Amino acid sequence: MDPMKAQQLAAELEVEMMADMYNRMTNACHRKCVPPHYKEAELSKGRGDDEESSSWDWINPKCTPKEQQRAWGRLECGPGGGGLGYNGIQAGERILIMDMRRLCHFTSSSRPRQWIRAQMAAVITEDNVYREAELQAAPPADGAEGLQPAGPDGNIQGQVEEFLGPHPDYDEEEEERKYYRRKRLGVVKNVVGASFGGMIVYSVYMGLLQMQLILHYDETYREVKYGSLGLTDIDNKMLMGINVTPIVGLLYTPVLIRFLGTKWMMFLASGIYALFVSTNYWERYYTLVPSAVAIGVAIVPLWASLGNYITRMAQQYYEYVNYKEEHVQEQKKVPKGACHQYVIIFQSVFYIIFHLSFVFAEFPMILFLNDFLSEYKHTLYNVKQCGADGKKIIEGFNKTVLQHLPRSTNLIAVESVLMGAAFIAMIIFLAVCGAAYRPTEEIDLRSIGWGNIFQMPFKHLRDYRLRMLCPFFIYSGFEVLFAIQGLILSYGVCALGMEKLWLLVMVYGLSSSICSSLSMALVQQRLPRQVVLLGGAAVHLVLLVVLMCWSSSPRRPDQLPQLLVLVALWGLGTALNKTGLSSLLGMFYEDKERLDFVYTIYHWWQAIAIFIVYLWSTLPMRAKLAILLVTLLVAGLCYWQMERRLAKKIPYRLPRIPRPRHKVKGYRYLEEENSDESDTDKSDVEGEEDEGRQSEEEPERDAGSQGSDSLGRDRGAARGRRRRQDNAAYEQAGEQEDYVQAM
């Protein structure tokens with residue numbers, strides 16, 4: 001064979017081989033690194049201009065002919081140095097494989113597949129042109145063959161197969177299973193971390209507040225320690241700040257949660273509780289009262305964030321369990337009721353752990369303060385009536401409850417321990433708890449406009465399900481405070497003395513914690529959904545009737561068994577009430593865009609109840625019991641009526657969540673008119689058409705959308721028409737809403 005023809009044939013074979021290798025590498029990289037489903041296929045949806053430019057500047061020098069020329073120029077091509085022998089091809093193959101590994105790194109980014117393929121095709125074309133020119137300029141040496149046969153130690157095809165093929169020990173399905181198992185364990189870690197963080201925060205808060213109020217109540221302590229400072233007046237204003245400030249929480253809570261994020265809101269609120277602990281090192285008006293007001297500001301955001309966080313973790317856990325489902329892979333809306341069992345389990349776990357805060361809050365009392373308390377014969381000497389016969393919390397209680405005063409160094413040591421525990425809670429929220437939403441989801445949640453975020457809680461009250469649960473929300477706030485102020489103090493301490501206060505509170509906390517697991521019976525659908533709430537209401541109804549008819553007697557330690565039973569049963573009702581309400585809200589409102597609004601309404605009504613309890617502190621006990629009884633009956637009746645309406649499939653009104661408005665070119669959206677219309681919205685419409693049910697929607701446009709339209713008209717009539725068409729399509733897609741089916 002003519003040497004020139006042989007050399008030309010070798011070059012053609014090499015070009016074909018290299019092209020085939022690059023094509024196979026491209027497919028392998030996409031198969032291993034790039035997810036098969038795309039939510040946004042356009043380049044403008046990927047990243048911002050700056051990131052696009054920087055990535056282009058990074059990859060372009062690596063794909064130029066000069067880079068390839070330097071790589072091939074280092075080779076010893078053939079025996080004479082001028083041809084393309086087998087060794088040259090093998091070395092060039094290795095260098096190109098290394099270049100391909102670097103290029104494959106970009107396929108794992110968020111760039112569209114068409115862009116990556118275009119870059120790879122440009123690299124292949126430029127390299128082939130350069131190789132053909134090199135072949136024509138460098139003929140092989142005399143007597144040397146143009147192409148050496150592939151030996152056993154230099155099988156190019158085998159090396160390519162080894163690089164492109166899967167590792168013999170690699171099991172893709174097993175690795176995917178392990179990955180999502182780690183994700184599920186991360187969700188469990190988040191739930192447990194949030195539960196322990198909330199438990200520690202309230203243990204510190206209630207333990208310090210209880211110790212502070214007992215010390216400040218004692219006349220001797222006030223006169224010796226602070227003289228004419230007026231601790232009684234400071235305590236009254238401090239309690240006013242804690243109980244009155246939360247009534248305005250509905251105005252700012254959703255804005256704070258969406259501005260800071262759910263995780264950071266919990267962290268900030270725990271920091272405010274730590275601030276309250278630190279102010280007790282220097283007890284003055286200008287330290288205690290502002291910190292108490294800050295706690296009042298943080299109560300509603302903290303609880304709304306906790307409820308939102310636990311429900312979001314349940315939804316994420318469902319996604320990681322069913323990661324092979326199509327609606328999960330394409331980020332569509334999950335089927336109705338799919339997350340309910342996880343919501344029930346996670347809410348139950350949260351309250352099992354959180355109710356232990358009543359137990360740990362008594363540790364300062366047991367380990368420190370109980371040694372300084374006087375006996376019940378001294379503290380209850382002037383008490384004539386207890387329980388339902390009493391007029392205040394404990395009328396005639398002695399003004400001196402301490403046998404001797406604790407040392408200031410001991411108080412500082414106890415407060416330091418509590419301060420350390422508060423810092424531990426902050427670290428748990430910061431380091432253990434993960435984010436509740438993806439970064440792009442948080443951007444979308446904030447991008448609906450702050451005015452719309454402010455209005456959404458009020459608009460959600462038009463839903464009859466939420467309106468008819470409001471009496472239960474109020475009763476939920478009543479019953480916890482009554483358990484402490486009414487049952488434990490007016491009935492328990494009035495009969496047993498201050499030295500048994502820790503026992504009654506710990507029994508209440510343990511009973512609430514253990515009984516919070518009873519709601520898990522709903523997971524297997526062994527009981528109807530209504531059993532949990534109505535069962536807790538029935539327990540409290542019986543106890544309220546008993547407490548109205550029976551009163552404990554002063555200075556009667558022999559009544560301890562009866563009081564422990566009453567406290568334990570009240571804890572049972574509390575557990576069913578808390579877990580039932582939180583789980584019910586998580587099952588009714590499965591849209592992640594609504595969770596913070598719904599839990600804000602829930603805990604705002606509880607704040608209203610706390611304020612009412614603060615106002616009725618001077619009422620007779622039977623009047624308090626009557627208010628509780630009426631509220632409970634109204635709550636049970638409204639809940640029963642709500643379930644009847646749902647059974648009849650009466651439509652309810654849900655406000656439309658405005659579409660995100662992205663004004664700035666940046667991280668996710670390149671153009672202003674690109675909205676977050678994803679497959680999630682499409683799946684909602686498809687599911688609603690299948691079920692054939694409709695709900696009323698709010699017809700009017702919100703203020704934020706109108707402002708965006710006016711800005712669009714200023715920028716041009718064409719863009720304004722296009723935006724209005726998009727809004728009309730979006731509103732048409734949001735005209736329907738599913739019903740939550742009874743379990």
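1. Contact here means heavy atoms within 4.5 Å. With that in mind, and remembering that this is a predicted model, a good place to start is V414, which sits in helix α18. Setting aside its neighbours within four places in sequence, V414 is in contact with M211, P364 and F368. The C-alpha atoms of V414 and F368 are separated by 8.1 Å, although the two residues are 46 apart along the chain. V414 has a relative accessibility of 15%, and since buried means under 20%, it counts as buried.

2. Next, have a look at helix α10, residues 249-260. Its twelve residues should span 16 Å at 1.5 Å a residue, and the end C-alpha atoms are indeed 16 Å apart, so expectation and model agree. Just after α10, G261 adopts a positive phi of about 95 degrees.

3. Which residues of α10 are buried? They are G249, L250, Y252, T253, P254, I257 and R258. As a reminder for reading that list, an α-helix has 3.6 residues a turn, so residues three or four places apart point the same way. The cover over the buried residues of α10 includes α11 (262-278), α12 (285-321), α19 (439-446), α20 (450-460) and α25 (595-615).

4. Now to the charged pairs. The count of salt bridges comes to 15. One of them joins the side chains of K324 and E173, at 3.3 Å from N to O. This pair links distant parts of the chain, 151 residues apart: K324 is in the loop between α12 and α13 (326-329), while E173 belongs to helix α7 (residues 172-217). Both K324 and E173 are exposed.

5. E319 and R438 also meet through their side chains in a salt bridge, with an N to O distance of 3.5 Å. E319 lies in helix α12 and R438 in the loop between α18 (408-432) and α19, so the pair ties together parts that are 119 residues apart in sequence. R438 counts as partly exposed because its relative accessibility is 34%.

6. It is worth viewing E319 and R438 together with their partners: R312, E319, R438, E441 and K592 are linked in a network of salt bridges.

7. Finally, are the partners in the R594 and D591 salt bridge buried or exposed? Both R594 and D591 are buried, and their side chains meet at 3.3 Å, N to O. By contrast, K324 and E173 are both exposed, so do compare the two pairs when you have the model open.

Methods
Residues are numbered from 1 along each chain as its sequence is written. This is a predicted model: local features need pLDDT of at least 70, side-chain atom pairs count only at pLDDT 80 or more; totals for chains, interfaces and linings use all residues. Side-chain values use heavy atoms; hydrogens and water are left out. Helices (H or I, at least four residues) and strands (E, at least two) are DSSP runs, numbered from the N terminus. The expected span of a helix is 1.5 Å times one less than its number of residues. Buried means under 20% relative accessible area, exposed over 50%, partly exposed in between (1.4 Å probe, protein chains only). A salt bridge is a side-chain nitrogen of Lys or Arg within 4 Å of a carboxyl oxygen of Asp or Glu.
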